[in-house]
Amino acid sequence: MTKVAAGITTSLDGYIAGPNDGPGRGLGDGGERLHYWVFGGPWSYEEEPTGQATGADKEFLDAGLARVGAIVGGRNTYEAADAWGGSNPFGVPFFIVTHRPEDAHGDGGFTFVNGLDDAITQAQEAAGGKLVFVMGGADVIRQALRAGYVEELSISIAPVVLGGGKRLFDDFDETMILDHVSLLQSPLATHITYRVRR
């Protein structure tokens with residue numbers, strides 16, 4: 001069966017988005033700092049990011065993307081990212097988990113699926129033997145962890161304290177045992193990858 005991994009960036013205090021996240025402000029107030037590592041430095045909602053990852057951040061991103069054959073993401077993330085301008089930016093099949101697939105507008109390279117189980121199944125079929133990657137939001141990652149799908153979990157910790165917003169492990173009371181796999185660090189993030197024990 002195709003391997004499933006999950007990954008997300010958090011602040012030092014565990015937030016994956018600051019307060020008031022949503023369309024046009026996908027990472028919430030102050031949340032741009034979470035993805036400085038993705039764009040090679042500071043950016044803001046007022047201007048499109050133009051930079052790209054460098055050094056250890058680029059190594060982490062490139063190695064991860066090279067393994068991915070399909071992506072599963074949440075409807076809230078899709079909407080908060082303004083549907084990535086209406087076009088799938090990742091170049092692999094992208095399945096959006098939603099409870100209302102019937103009101104999705106256009107496809108743009110996205111497939112809207114009712115429920116995580118169906119999304120994972122379809123993604124595994126579409127991945128061509130490569131990795132299925134579960135990205136944000138936090139709720140979709142928590143669901144995938146609870147259901148036992150996730151075999152590998154990567155957490156990128158940005159050097160910022162947001163003080164509020166959405167946390168990765170809110171309402172998550174399961175115990176997980178993780179084995180350390182790798183660590184990469186840059187001035188903009190610490191990337192830690194774990195194997196999730198079954």
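**A sheet and the helices packed on it**

In this predicted model, helix 4 (residues 138-146) lies across four strands: strand 1 (4-11), strand 3 (68-74), strand 6 (131-134) and strand 10. Relative to strand 1, helix 4 runs at about 140 degrees.

The strands beneath this helix can be placed by looking at the sheet as a whole. Strands of a sheet pair through backbone hydrogen bonds, either parallel or antiparallel. Here, 8 strands form an open sheet with mixed pairing, and reading across it gives the order 5-4-3-6-1-7-10-9. At the edges sit strand 5 (110-114) and strand 9 (178-185), each of which pairs on one side only. On average, neighbouring strands of the sheet are turned by 25 degrees against each other, direction ignored.

One pairing is worth following in the structure above. Strand 7 (residues 152-158) and strand 10 (residues 190-196) pair in the antiparallel sense, over 6 bridges. Within strand 10, His191 is the bridge partner of Ser156.

Helix 3 (residues 116-126) offers a second helix to explore. Its buried residues are Leu116, Ala119, Ile120, Ala123 and Gln124. Seen down the axis of helix 3, these buried residues fall within an arc of 130 degrees, so they line one face of the helix. The cover over the buried residues of helix 3 includes strand 1, strand 3, strand 4 (94-98), strand 5 and strand 6, and helix 4 is also part of this cover. Just after helix 3 comes Gly128, which takes a positive phi of about 60 degrees.

Conventions: Residues are numbered from 1 along each chain as its sequence is written. This is a predicted model: local features need pLDDT of at least 70, side-chain atom pairs count only at pLDDT 80 or more; totals for chains, interfaces and linings use all residues. Side-chain values use heavy atoms; hydrogens and water are left out. Two strands pair if DSSP finds at least two bridges between them. Helices (H or I, at least four residues) and strands (E, at least two) are DSSP runs, numbered from the N terminus. Axes are lines fitted to C-alpha atoms, for helices over the stretch in contact, and angles run from 0 to 180 degrees between N-to-C directions. Contact means heavy atoms within 4.5 Å. Buried means under 20% relative accessible area, exposed over 50%, partly exposed in between (1.4 Å probe, protein chains only). The arc is that of the directions from the helix axis to the C-beta atoms.
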